[in-house]
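This report describes one protein model and the ligand it holds. It takes the ligand site, then the charged pairs, then two points of backbone geometry.

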Amino acid sequence: MKNIILFGPPGAGKGTQSEFLVEEFGFVHLSTGDIFRYNISNQTELGILAKKFMDEGRLVPDSVTIDMLSLELLKYPNSEGFLFDGFPRTKDQANALDSFLGERNLEITAMIGLEVPDEDLRLRLLERGKVSGRPDDANIEVIQKRLDTYYNETAVVKNHYEEVGKYISINGLGTIEQISIALKSEIGHL
Ligand code: AP5
Ligand code: MG
């Protein structure tokens, strides 16, 4: 059983690639961004709380995000492997994930980071913003804030896995298909 973290800045292609990886490996895909957006569209208490942070390109507080993730994990007692997308985004989230998995005698197999230059990320997100209706794609200021948040708060999480030899870097520039082939090959060899 493999448990993978798909890592990378906003717009790196985590969500896009997750679909192919779920198809190939049968992962349970847990995207914290998608879960928050589902709660926003259903106007739950969690969604209302998360929305104000997301619309500004800031992280939802750890306490809220970690509690939510732990409840999500409980829904899949028989998972054949998890694919985490957009989580963990802080050191505290990484520690919490390690302990949630540890309680089930599981562990992270690898963190795979998609590397894409900022200029390409900005263009991808601005382009999607024209049609997605995602408030956090709507203008360059909020996109830049998401990138700043990534570099200031999230990028460090990579060290957590690098220190234990579990970080793998993948070039996230290229066609969606090329990147998917590279990811499948990496995961297939783990
Ligand atoms: P989240 O939903 O995780 O968004 P994100 O990581 O900021 O960005 P995206 O999901 O847009 O990027 P992605 O890497 O999935 O790329 P995608 O495949 O979509 O988080 C949103 C917010 O929720 C956060 O800002 C925060 O507020 C909150 N949040 C979430 N998790 C949290 C946590 N753990 N803690 C605290 N707060 C949290 O692709 C992007 C675009 O590029 C698409 O249009 C796609 O078609 C295109 N594209 C993809 N691949 C390629 C390619 N190879 N070539 C050209 N275009 C491509
Ligand atoms: Mg995503």
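Helices and strands are here DSSP runs, with at least four residues for a helix and at least two for a strand, numbered from the N terminus. By that numbering, the loop between β3 (82–85) and α5 (91–103) contains P88. The model is predicted.

**The ligand site**

Ligand 1 takes up the space of the largest pocket. The elements that each give two or more residues to the shell around ligand 1 are α1 (14–25), α2 (32–41), α6 (118–132) and α9 (176–188). Helix α2 provides the largest share of this shell, with 4 residues.

There are 31 residues around ligand 1, and K14, T16, T32, R58 and R128 come nearest. By type, the shell divides into 11 nonpolar, 11 polar and 9 charged residues.

Three side chains place a polar atom at a short listed distance from an atom of ligand 1, as the table shows.

| Side chain | Atom of ligand 1 | Distance |
|---|---|---|
| K14 | oxygen | 2.8 Å |
| R89 | oxygen | 3.0 Å |
| Q93 | nitrogen | 2.9 Å |

How much of ligand 1 does the protein bury? Taken alone, ligand 1 exposes 1000 Å², and the protein buries 87% of that.

**Charged pairs**

A search of the whole structure finds 12 salt bridges. One of the pairs is D55 with K51, whose closest N and O atoms are 2.7 Å apart. A salt bridge requires a side-chain nitrogen of Lys or Arg within 4 Å of a carboxyl oxygen of Asp or Glu. D55 and K51 both belong to helix α3 (residues 45–55), and because they are 4 residues apart in that helix, about one helical turn separates them.

**Backbone geometry**

Two places in the backbone remain to be described. Most residues other than glycine have a negative phi, and most peptide bonds are trans.

Which peptide bond is cis, with omega near 0°? The bond from F87 to P88 is cis. As stated above, P88 lies in the loop between β3 and α5.

The other place is Q43, in the loop between α2 and α3. Q43 is not a glycine, yet its phi is positive, at about 50°. Helix α2, which comes before this loop, is also the helix that gives 4 residues to the shell around ligand 1.

Definitions and conventions
Residues are numbered from 1 along each chain as its sequence is written. Chains are lettered from A and ligands numbered from 1 in the order in which they are written. This is a predicted model: local features need pLDDT of at least 70, side-chain atom pairs count only at pLDDT 80 or more; totals for chains, interfaces and linings use all residues. Side-chain values use heavy atoms; hydrogens and water are left out. A residue is near a molecule or strand if one of its heavy atoms lies within 4 Å of it. A polar contact is a pair of N or O atoms within 3.5 Å; within protein, one must be able to donate a hydrogen and the other to accept it, and residues adjacent in sequence count only if both atoms are side-chain atoms. Accessible areas come from the Shrake-Rupley method with a 1.4 Å probe; for residues, only the protein chains shown count as cover. On a 1 Å grid over the protein atoms alone, a cavity is a set of points where a 1.4 Å probe fits but cannot get out, and a pocket is an open set with protein on both sides within 12 Å along at least five of seven lines; lining residues have an atom within 4 Å of a point. A molecule sits in a cavity or pocket if more than half of its atoms lie within 2 Å of its grid points. Ala, Val, Leu, Ile, Met, Phe, Trp, Tyr, Cys and Pro count as nonpolar, Asp, Glu, Lys and Arg as charged, and the others, Gly among them, as polar.
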